[in-house]
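The following paragraphs lead through a single chain, from its aromatic pairs to its interior and then to its surface. Please keep the sequence and the structure in view while reading.

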Amino acid sequence: MKSLTAYIFLVAGISFGIIANGYFLKMSQGFTKFLPSILGVVIILLAYFSLAKAMQTIPVGFTYATYGGLTTIGVTLLGLLRFNQIPNFYAIIGIIFILIGVVMVNYFGNLSG
């Protein structure tokens, strides 16, 4: 698989993760609402499928670090915009550190092996 295709799968996985975790699983109210629960599970499976495809080319640590970090940031932003959940000062600092970590892993990490 080409590198660009792998990154497209990674972006798809991050997008699916944000939608599933930040929207449908929130709406499922602890898996008590049937349709949002099913949609959340299906979409998170799509996220994992996309990650598995990305990992055919991108190393597992880089893929998962990027997915985890950017999905966390995306869900936080979705919570802010959709559910009016405003992070406090320390949460914002933590999110900045997550973003710095994702950048460091992807641009300065060792890709050998």
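A residue is called buried when its relative accessible area is under 20%, exposed when that area is over 50%, and partly exposed in between. The model discussed here is a predicted one. By this scale F49, with a relative accessibility of 48%, is partly exposed. F9 falls into the partly exposed class as well, because its relative accessibility is 23%.

These two phenylalanines form an aromatic pair, and the model contains four aromatic pairs in total. The ring centres of F9 and F49 lie 6.5 Å apart and the ring planes stand at 80°, so the arrangement is edge-to-face; planes over 60 degrees apart receive that label. F9 belongs to helix α1 and F49 to helix α2, so their pairing ties together parts of the chain that are 40 residues apart in sequence. Another aromatic pair joins Y64 to Y67; here the centres are 5.7 Å apart and the planes meet at 45°, a tilted geometry. Both tyrosines sit in helix α3, where a spacing of three residues separates them by about one helical turn. How does each partner stand with respect to solvent accessibility, buried or partly exposed? Y64 has a relative accessible area of 43% and is therefore partly exposed, whereas Y67, at 5%, is buried.

Y67 leads into the interior, as one of the nine residues of the largest nonpolar core. The other members of this core are A6, L10, I14, A47, L51, A54, I58 and F62. Helices α1 (3–27), α2 (34–54) and α3 each contribute at least two of the core residues.

T63 offers a further view of the interior. This threonine is located in helix α3, which spans residues 60–83, and it is buried because its relative accessible area is 0%. Leaving aside residues up to four places away in sequence, T63 is in contact with L10, L51, A54, M55 and I58. Among these contacts, L10, L51, A54 and I58 are members of the largest nonpolar core.

The final stop is the surface. A nonpolar patch of about 1,300 Å² is formed there by F89, Y90, I92, I93, I96, F97, L99, I100, V103, M104, Y107 and F108. Helix α4 comprises residues 89–108, and Y90 is placed within this helix. With a relative accessibility of 67%, Y90 counts as exposed, since it passes the 50% limit.

Methods. Residues numbered from 1 in each chain as written. Predicted model: local features only at pLDDT ≥ 70, side-chain atom pairs only at ≥ 80, totals over all residues. Heavy atoms only, no water. Patch = residues over 30% accessible without salt bridge, like charges linked within 9 Å, V, L, I, M, F, W, Y side chains within 5 Å. Areas by Shrake-Rupley, 256 points an atom, 1.4 Å probe, with all protein chains shown as cover. Salt bridge = Lys/Arg side-chain N within 4 Å of Asp/Glu carboxyl O. Helix = DSSP H or I, 4+ residues; strand = E, 2+ residues; numbered from the N terminus. Buried < 20%, exposed > 50% of the residue type's maximum accessible area, 1.4 Å probe, protein only. Contact = heavy atoms within 4.5 Å. Core = buried A, V, L, I, M, F, W, Y, C linked by side-chain atoms within 4.5 Å. Phe/Tyr/Trp six-rings, centres within 6.5 Å; stacked < 30°, edge-to-face > 60°.
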